[in-house]
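Here are some exercises to work through with the structure open beside you. Try each task yourself before reading its solution.

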Amino acid sequence: MKQYRVNEIFYSLQGEGVHTGLPAVFVRFSGCNKRCGFCDTDFAAFTLMSAADIVAAVMHYPSDTVILTGGEPALQIDDALVVALHDAGRRIHVETNGSLPLPSGIDWVTCSPKDRDIRLLHADEVKVVFTGDDPQWAAELFDGAVLSLQPMSCLNTAATVDYIKSHPWWRLSLQTHKLIDIP
Ligand code: SF4
């Protein structure tokens with residue numbers, strides 16, 4: 001039976017992007033294929049869990065939404081986990097850097113691209129941290145995706161707002177979980 005490397009499972013509200021405020025169970029996978037300097041994810045720690053173990057942990061919480069994140073969840077998510085979570089009545093959201101394909105059937109895909117090496121075929125949302133560089137290349141990755149632009153830890157919020165006002169196909173995403181101090 002496949003074992004997934006799970007860094008942590010916790011219940012909170014989605015802090016960022018289109019679904020800000022949505023209660024969800026977060027399944028954070030360990031490991032990533034990128035090495036971003038600003039990354040705040042602990043890659044090393046993990047517990048090996050089967051799909052049944054993950055479903056059992058998720059079922060402790062009343063929300064019907066599960067957010068698979070990382071690290072890079074596309075390194076580990078497969079059809080078996082998607083089926084197991086759907087059979088348990090959970091909607092599946094994924095947050096990915098877009099550099100790897102995902103199994104089909106995921107209910108909401110948010111791509112946060114770190115470079116132009118994109119092998120993901122579909123995303124519902126593109127979420128980019130605004131560094132001051134023009135993020136237009138990311139806006140053109142996926143037809144019809146919602147475009148969320150996020151200040152760097154709220155440090156350049158005014159510049160981000162100015163950019164959005166002059167490029168109105170983007171919308172503002174704030175890291176609200178940091179603003180209200182929840183996980
Ligand atoms: S892609 Fe995301 S998880 Fe991976 S190193 Fe970069 S910020 Fe961290």
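**Exercise 1. Find how strand β1 pairs with β3 and with β2, and name one bridge partner in each pairing.**

Step 1. Strands β1 and β3 pair in the antiparallel sense over three bridges; two strands count as paired if DSSP finds at least two bridges between them. Strands here are DSSP runs of E with at least two residues, helices are runs of H or I with at least four, and both are numbered from the N terminus.

Step 2. For V6, look across to β3, where T47 is its bridge partner.

Step 3. Now turn to β2: seven bridges join it to β1, and the two run antiparallel. Here I9 has V27 of β2 as its bridge partner.

A word on the model: it is predicted, so local features need pLDDT of at least 70 and side-chain atom pairs count only at pLDDT 80 or more, while totals for chains, interfaces and linings use all residues. Residues are numbered from 1 along each chain as its sequence is written.

**Exercise 2. Work out the strand order of the open sheet and say which strands lie at its edges.**

Step 1. Follow the nine strands across the open sheet: β3-β1-β2-β4-β5-β6-β7-β8-β9, with mixed pairing.

Step 2. The edge strands are β3 and β9 (170-172), as each pairs on one side only.

Step 3. From one strand to the next, the twist averages 35°.

Step 4. At the β9 end, three bridges join this strand to β8 (residues 146-150), and the two run parallel. S148 has R171 in β9 as its bridge partner.

Step 5. Helix α4 (residues 157-166) lies across β8 and β9, at about 150° to β9. Such angles run from 0 to 180 degrees between N-to-C directions, with axes fitted to C-alpha atoms, for helices over the stretch in contact.

**Exercise 3. Is T41 buried, exposed or partly exposed? Find its place in the chain and its contacts too.**

Step 1. T41 sits in the loop between β2 (23-29) and β3 (47-49).

Step 2. T41 is partly exposed because 16 other C-beta atoms lie within 10 Å; 20 or more would make a residue buried and 12 or fewer exposed, with C-beta atoms placed from the backbone.

Step 3. Leaving aside neighbours within four places in sequence, T41 is in contact with C32, G70 and G71 (contact means C-beta atoms within 7 Å).

Step 4. An unreviewed UniProt entry places the feature "binding site" at T41; such annotations may be inferred rather than shown by experiment.

**Exercise 4. Which residues are around the ligand, and where does E72 fit in?**

Step 1. The residues around the ligand are C32, K34, R35, C36, C39, T41, G70, G71, E72, N97 and K114, each with its C-beta atom within 6 Å.

Step 2. This shell divides into three nonpolar, four polar and four charged residues. Ala, Val, Leu, Ile, Met, Phe, Trp, Tyr, Cys and Pro count as nonpolar, Asp, Glu, Lys and Arg as charged, and the others, Gly among them, as polar.

Step 3. E72 is in the loop between β4 and α2 (79-87), and E72 is buried because 23 other C-beta atoms lie within 10 Å.

Step 4. Beyond neighbours within four places in sequence, E72 has contacts including C32, K34 and N97.

Methods
Two residues are in contact if their C-beta atoms, placed from the backbone, lie within 7 Å.
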